[in-house]
Amino acid sequence: MSTTPLRIALIALIVSSCLDQTSDGYDNKVPDVVDFNFHVRPILSDKCFACHGPDANKREADLRLDTQEGAYAALKDYNDKFAIVAGKPEQSEAFLRITAADSTIMMPPPESNLKLSSYDIELIKKWIEQGAGYKPHWAFVAPKKPELPKVSDNDWPSNEIDHFILARLDEKKLKPNETAAKSHLLKRVSFDLTGLPPSIAMQEAFEKDTSPEAYERVVDQLLDDPHYGEKMAIHWLDIARYADSHGYQDDSPRTMWPWRDWVIHSFNKNYPFDKFLTWQLAGDLLPEKNMETLLATGFNRNHKITQEGGVIDEEYRIEYVTDRTNTFGKAFLGLTYECAKCHDHKYDPISQKDYYSTFAFFDKVPEKGLFGTFDENTADPPRMEITDEMVNEVLTFVNKKDSYPVSVMIMEDSVGIRDTHILDRGNYDAKTDVVTFDTPKAIMEFDTLSFDSNRLGLSKWLLSDEHPLTSRVFVNRIWQEIFGRGIVKTAGDFGMQGELPTHPELLDWLAVDFRENGWDIKRLVKQIVMSSTYTQSAQTNKRKQDKDPENRFLSRMHRTRLGAEMIRDHVLASSGLLNDEIGGPSVKPYQPDGLWLAATSGRGVLKAYVQDHGENLYRRGIYTFIKRTVPPPSMLVFDASNRDQCEVRRLNTATPLQALVMLNDPTVLEASRVLAENLGSADMEDQKRIENAFKRIVCRDAKPEELDVLVGYYKDQVAYFESNRDDAIEFLNVGEYTPEKNRDDVTIAALMQVIHTMYNLEEATTRS
């Protein structure tokens, strides 16, 4: 009995804590006006739609809660009862069930392991009291450009973006940070726009330039840098599932790198996004098609392909079309389209018929499920042969190394080649009804009077002014590339199970502004990096951490570890090893012995890893050969995609393996040696050498206390290697880059140790 008051107090505390959280997790009460899209639908989608949502095959009691008509209709077998009665929660069966104590009628049922919190129940109750109004899902309503919100400080915004950010910060009673130090800002924008560190000359020039236009000049310089295209291409290669092998067991090689050269070229030339999209989806169907537009369609052929004997041809052909359809849904619509392959989507209004109607656009290619054998390095038709003449006259951006033609897979449609069927449970041999070209009506009607019934018409449908998703999805992805997190965190799911946008008005403003200004990608990127939101410092404090631990509202700039390719690029560039050639075939740098042999069928050209030599060892990470069954291990450790399927967002993890890579990777050790040799041969004092290395690697001047530690460490290493000269020689014996002649092994080994330590600093691999 003595525990009863304590139990009551604990229950009260739990209920209170539930009621102190809202949909964004930071307000302390139920909002005055409950919005269906931003408060109620997420609860219903998470807890109710699996049984009472769009999937007719799994729907219980004929009750739909995802539509107003379904929720307001009389319940099956109960003409006088309704799930939702507007204004009357006490008469709404749905509300009575979610508040019931009787487990036989409680909803969600106990066996589902789903439960509504007290806060969820209060929200639904208030929503019903306020009229239980339904709205279309926010992402399926065409964006409109909102007015700029009023803010507390009109001096802080640098452009329109900042008005939306500051207005939200004002709501949360948070203040933005001051502008970042120039060294931090330059490092940040240099990695974000080119994927490379700023040179010492660039750092010094920026520090000396005190004019108001100094930062904008740097931004323009970086946007014009040919390495900008390489940095921008990385995220698109993940989306397009680009790789250098076919996948599956034998995992034979493929040659799609000329398409990668086109992607880099298109970003550098600032092709507008409507052109970028159309050429990749339907460049073969354009009236003015040419070799470049045909090459762009390689986007659709980057999927895995089998070359193994004994497979069923039609089964794998269906797999290829499925991959193209799923990639289309995620890349351009930001939806989990693949969920509707076997049944109606459980959460979003995408039926199985919708899925196969979209599938039809990609089903007219004259391809086979199996072509060639595992020991052939040939492109499956349809394909194009890229010759020297084509490179000289049209495809001038393709970095072709020899005189042999290069065969690349492209798209081509054949009229009447086959009918497209709905496949029962997604099985290739369970054909049911025939469907024709169409898209989900809940997104936007595919009007055959306006859009041709082919992939070109599909592209025009995507780019329509009334389309609700295309521009939103792309600007959100660019925002994610720069801020580490999209305005919609679930960049691949704008549907009902996806996260709500933190700044919906900003997302709509950017989406419409992007479209109104000619789908100009460089303009969009410049808008973002020129904002005061972007140029903030990354410093934080306890209040900001407590109120916004994930920095969702951007009261500071985030600190994020560099991506897998950029870590490699940073090491190579800062040491002077980088081969900055643009484009060309993929290369095979250092890799632990035996990995391919241990994970292969033992057949084919790629059964064993054959390392490259010379300049190819020092190419950027974007050009590293990707074998799907055994991706590059050092890049995989840093969360690179294995390119098995379309990926729109990489994880950002921190594991002990990452530290082991930085400590032991031959490229990092070789870069440390080469930089030590270069600085050791320069006419400067030891401290100046260390200062120079620090500025190259960390991209700022070392603080006096940091310099003291590093110089002291250097002296300790000199003393050690003087007594252990064999260790110095062994330590320096790394990598294939030709050593400096007549070097002092002791001082170079000591300096290499200090530089290697710098590369392992957390700040060295972080953009702040």
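1. Before we start: a residue counts as buried when its relative accessible area is under 20%. Keep in mind, too, that this is a predicted model. Now look at helix α2, residues 36-47. Its buried residues are F36, N37, H39, V40, R41, I43, L44, S45 and K47. That is nine of the twelve residues in α2, so the helix is largely enclosed by the rest of the structure. What does the covering? The cover over the buried residues of α2 includes α3 (49-52) and α6 (118-129).

2. Next, find helix α8 (residues 182-194) and helix α11 (residues 227-239), which pack with their axes 6 Å apart at an angle of about 75°. That angle makes α8 roughly perpendicular to α11. On the α8 side, the residues that meet α11 are F191, D192, L193 and T194, and their partners in α11 are H227, Y228 and K231. Sorted by class, this contact has three nonpolar, two polar and two charged residues.

3. There's a neat little hairpin to spot, made by β1 and β2 with two residues between them. Strand β1 covers residues 74-75 and strand β2 covers residues 78-82; they run antiparallel and are joined by two bridges. If you want one pair to click on, A74 has F82 in β2 as its bridge partner. In the turn, D77 has a positive phi of about 70°.

4. D77 brings up a wider point about backbone angles. Most residues other than glycine have a negative phi. Two alanines go the other way: A61 has a phi near 60°, and A132 has a positive phi of about 50°. Both sit in loops, A61 between α3 and α4 (68-72) and A132 between α6 and α7 (160-171). Are they buried or exposed? A61 counts as partly exposed because its relative accessibility is 48%, whereas A132, at 0%, counts as buried.

5. While you're on the backbone, check the peptide bonds. Most peptide bonds are trans. Here, though, a cis bond joins M107 and P108, with omega about -10°. P108 is in the loop between α5 (93-98) and α6. Another cis bond joins P381 and P382, with omega about 0°. You'll find P382 in the loop between α16 (352-359) and β3 (383-386).

6. How many disulfides are there? The count comes to zero. C51, for one, is in no disulfide, as the nearest cysteine sulfur, in C48, is 8.9 Å away. C51 is partly exposed, with a relative accessible area of 35%. As for C646, its closest cysteine sulfur is in C339, 13 Å away, and therefore too far for a bond. At 6% relative accessibility, C646 counts as buried.

7. Which residues come together from distant parts of the chain? I626 and S245 are 381 residues apart along the chain, and their C-alpha atoms are separated by 6.8 Å. I626 lies in the loop between α24 (595-598) and α25 (633-637), and it counts as buried at 6% relative accessibility. Setting aside neighbours within four places in sequence, I626 is in contact with Y242, A243, D244, S245, P632, N642 and R643.

8. Last stop: R515, in helix α20 (residues 504-516). Its relative accessibility is 15%, so R515 counts as buried. Not counting residues up to four places away in sequence, R515 touches D465 and S471.

Terms used. Residues are numbered from 1 along each chain as its sequence is written. This is a predicted model: local features need pLDDT of at least 70, side-chain atom pairs count only at pLDDT 80 or more; totals for chains, interfaces and linings use all residues. Side-chain values use heavy atoms; hydrogens and water are left out. Axes are lines fitted to C-alpha atoms, for helices over the stretch in contact, and angles run from 0 to 180 degrees between N-to-C directions. Helices (H or I, at least four residues) and strands (E, at least two) are DSSP runs, numbered from the N terminus. Angles under 35 degrees count as roughly parallel, over 145 as roughly antiparallel, 65 to 115 as roughly perpendicular and the rest as oblique. Contact means heavy atoms within 4.5 Å. Ala, Val, Leu, Ile, Met, Phe, Trp, Tyr, Cys and Pro count as nonpolar, Asp, Glu, Lys and Arg as charged, and the others, Gly among them, as polar. Two strands pair if DSSP finds at least two bridges between them. Buried means under 20% relative accessible area, exposed over 50%, partly exposed in between (1.4 Å probe, protein chains only). A disulfide is a pair of cysteine sulfur atoms within 2.5 Å.
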